[in-house]
Amino acid sequence: MGTKRAIITGANSGIGLATAKALATRSFDVVLLCRNERKGQTALAAVKAANPDVQVDLITTDLANLESVRQAATEIRQRFDRIDVLINNAGYTPATIEFASDGTELSFFASHVGHFVLTHALLDLMQQTATKTGDVRIINLSSAAHAFGSKSRFFRHIDTMSTWAAYGDDKLANVLFTKALAKQLAGTGITAYSVHPGVVRTSFGSDTPGFIGQALKLAAPLMRSPDKGAQTSVFLASAPLKAIGASNNGGYFADSRPKRTANRDVTDANAEWLWTKSMQYVQ
């Protein structure tokens, strides 16, 4: 059994799997939230091999399906008595523009709305943990691509949207969600951070068409390894709060350091608007 418990979405490969293995070696029990059972079982074995002395569990869920997300959250609350770290890691570059049933662009729906609903459903358990420990952390994987996002496109059905714009919107929402969490949970012992992992060599974006897809393939040899891409998430999950800095709650990190965001839509007012708008999905 580990000393703390971390829950990681999208943990079956890439940065998520590297993060899970790194935290296991730091004596975290780890819960992997994966969409694919088979891939999740393979990841579970890899994390267990990294440290056989910690508990590793798998729960399957589809972040684009809110009923699936709620079922996963219920299972977590029933099976576990604490959450020390929640890492909302899952994400993808859409190969084509698709829409959820409410008209929201699908990758935004999964990357933001799915994680928002999951986080909200786990807040009670995180707050119970924080009451005992004074230290619970929520880490949202964003990207420097948040610079290409626009709050004006959030929750809208735009048939002409490019896949790159959709990805930028996802990552901008991750930054704004983090700022909103820090404000909403101030004084509870729960802190929140968003992360740019760097340009990482994974299967992420492998099915992206056109120029961007070709650029990703050509740049692959220059990209970071998943282990290096996971370093900032691991730092924020495991470093002493003093090393992170109390003033950096709600902040954006890259290379294990706080960084300035690169989009003028990153404001407190927009973060509050996004929180309010997203609450419509919470039951």
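The following chat goes through aromatic pairs, cores and strands in a predicted model.

Me: Before we start, what kind of model is this, and which atoms do the side-chain values use?
Reply: This is a predicted model, in which local features need pLDDT of at least 70 and side-chain atom pairs count only at pLDDT 80 or more, whereas totals for chains, interfaces and linings use all residues. Residues are numbered from 1 along each chain as its sequence is written, and side-chain values use heavy atoms, with hydrogens and water left out.

Me: OK, how many aromatic pairs does the structure hold?
Reply: There are 12 aromatic pairs, where rings of Phe, Tyr and Trp (its six-membered ring) pair if their centres lie within 6.5 Å, and planes under 30 degrees apart count as stacked, over 60 as edge-to-face and the rest as tilted. One of them joins phenylalanine 108 and phenylalanine 154, a tilted pair at 5.0 Å centre to centre with 45 degrees between the planes.

Me: Where in the chain do those two sit?
Reply: Phenylalanine 108 is in helix 4 (residues 106–133) and phenylalanine 154 is in the loop between strand 5 (136–141) and helix 5 (163–184), so the pair links distant parts of the chain, 46 residues apart; helices (H or I, at least four residues) and strands (E, at least two) are DSSP runs, numbered from the N terminus.

Me: Buried or exposed, those two rings?
Reply: Phenylalanine 108 counts as buried at 3% relative accessibility, and phenylalanine 154 is buried at 4%; buried means under 20% relative accessible area, exposed over 50% and partly exposed in between, with a 1.4 Å probe and protein chains only.

Me: And why is the pair of phenylalanine 155 and tyrosine 281 called stacked?
Reply: Their ring centres are 6.2 Å apart and their planes are at 15 degrees, so the pair is stacked. Phe108, Phe109, Phe154, Phe155, Trp273 and Tyr281 form one aromatic cluster.

Me: Which charged group sits over the ring of phenylalanine 155?
Reply: The charged end of lysine 277 does, 5.8 Å from the ring centre, and lysine 151 lies over the face of tryptophan 273 at 4.4 Å from its ring centre. A charge sits over a ring if NZ of Lys or CZ of Arg is within 6 Å of the ring centre and within 35 degrees of the ring normal.

Me: Switching to the largest nonpolar core, which residues touch the most other members?
Reply: Of its 47 residues, those are Ile7, Ile76, Val113, Leu122, Met126, Ile138 and Phe154, and the largest share, 12 residues, comes from helix 4. A nonpolar core is a set of buried Ala, Val, Leu, Ile, Met, Phe, Trp, Tyr and Cys residues joined through side-chain atoms within 4.5 Å. A second, separate core of 34 residues includes Leu23, Val85, Ile139 and Phe235.

Me: What about strand 6, how many of its residues are buried?
Reply: In strand 6 (190–196), 7 of its 7 residues are buried, with Ile190, Ala192, Ser194 and His196 on one side and Thr191, Tyr193 and Val195 on the other.

Me: Which way does strand 5 run against strand 6, parallel or antiparallel?
Reply: They run parallel and are joined by 6 bridges, with isoleucine 139 standing opposite tyrosine 193; two strands pair if DSSP finds at least two bridges between them.

Me: And which partner does serine 194 have in strand 7?
Reply: Its bridge partner is tyrosine 252, and strand 6 and strand 7 (residues 252–254) pair in the parallel sense over 3 bridges.
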